[in-house]
Amino acid sequence: MASETAINHREKALALLKADAEKIMKLIKVQMDNLTMPQCPLYEEVLDTQMFGLSREIDFAVRLGLIKEEEGKSLLDTLERELSALHEAFTSK
């Protein structure tokens, strides 16, 4: 029973982190769709805050043993690639 509970907690933690990452992804997609200036201070502040918050959540989940470090790194890497694509799209505009 304890093992089943641990698996359930792990699945919930990963689902919550993925949901938070998806919210950040939506912010990035809106910017890409509109190609508004990614250097906008408000945009940068919101996105930086969201990314920092997610990285802290991931660190906490890793330290609790709810997710593997590689899973957390993968979530952040995906978002960072999208951010790079946004900046690339804007600068080539």
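**Exercise 1. What percentage of the 93 residues in the protein is buried?**

Solution. The model is predicted. Buried residues account for 25% of the 93 residues. As for the accessible surface, the protein has about 6,400 Å², and carbon and sulfur atoms hold 58% of that area.

**Exercise 2. State how many helices and strands the protein has, and give their order.**

Solution. Step 1: the count is three helices and zero strands. Step 2: along the sequence, the pattern reads α-α-α. Step 3: the helix limits are residues 2–34 for α1, residues 41–64 for α2 and residues 69–91 for α3. Step 4: consider contacts between residues at least 6 apart in sequence; of these, 73% link residues at least 24 apart.

**Exercise 3. Describe the largest nonpolar core and say which helices supply its residues.**

Solution. Step 1: the largest nonpolar core contains 19 residues. Step 2: the residues with the most contacts inside this core are L17, I24, I28, L54, I58, I67 and L79. Step 3: at least two residues of the core come from each of α1, α2 and α3. Step 4: α1 gives the largest share, seven residues. Step 5: take I58 as an example; leaving out residues up to four places away in sequence, I58 touches L17, I67, G72, L75 and L76.

**Exercise 4. Classify L47 as buried or exposed, and list its contacts.**

Solution. Step 1: L47 belongs to helix α2. Step 2: the relative accessible area of L47 is 4%. Step 3: the cut-off for buried is under 20%, so L47 is buried. Step 4: with residues up to four places away in sequence left out, L47 touches I24, L27, I28 and L83. Step 5: for a distance check, use M25, which is 22 residues from L47 along the chain; the C-alpha atoms of L47 and M25 are 9.8 Å apart.

**Exercise 5. Find the salt bridges made by D59, and work out how R56, D59 and R63 are joined.**

Solution. Step 1: a search of the whole structure gives six salt bridges. Step 2: one of them joins the side chains of R56 and D59, with an N to O distance of 3.0 Å. R56 and D59 are three residues apart in helix α2, about one turn of the helix. Step 3: the side chains of D59 and R63 also meet in a salt bridge, at 3.4 Å from N to O. D59 and R63 are four residues apart in helix α2, and therefore about one helical turn separates them. Step 4: for accessibility, R56 is partly exposed at 39% relative accessible area, and D59 is partly exposed at 27%. R63, at 60%, is exposed.

**Exercise 6. Give the distance in the salt bridge between D77 and K73, then place both residues in a helix and classify their exposure.**

Solution. Step 1: the closest N and O atoms of D77 and K73 are 3.5 Å apart. The cut-off is within 4 Å, so the pair counts as a salt bridge. Step 2: D77 and K73 both lie in helix α3, four residues apart, which means a separation of about one helical turn. Step 3: D77 has a relative accessible area of 24% and is partly exposed. K73 has 52% and is exposed. Step 4: to complete Exercise 5, salt bridges with shared partners connect R56, D59 and R63 into one network.

Notes:
Residues numbered from 1 in each chain as written. Predicted model: local features only at pLDDT ≥ 70, side-chain atom pairs only at ≥ 80, totals over all residues. Heavy atoms only, no water. Buried < 20%, exposed > 50% of the residue type's maximum accessible area, 1.4 Å probe, protein only. Core = buried A, V, L, I, M, F, W, Y, C linked by side-chain atoms within 4.5 Å. Contact = heavy atoms within 4.5 Å. Areas by Shrake-Rupley, 256 points an atom, 1.4 Å probe, with all protein chains shown as cover.
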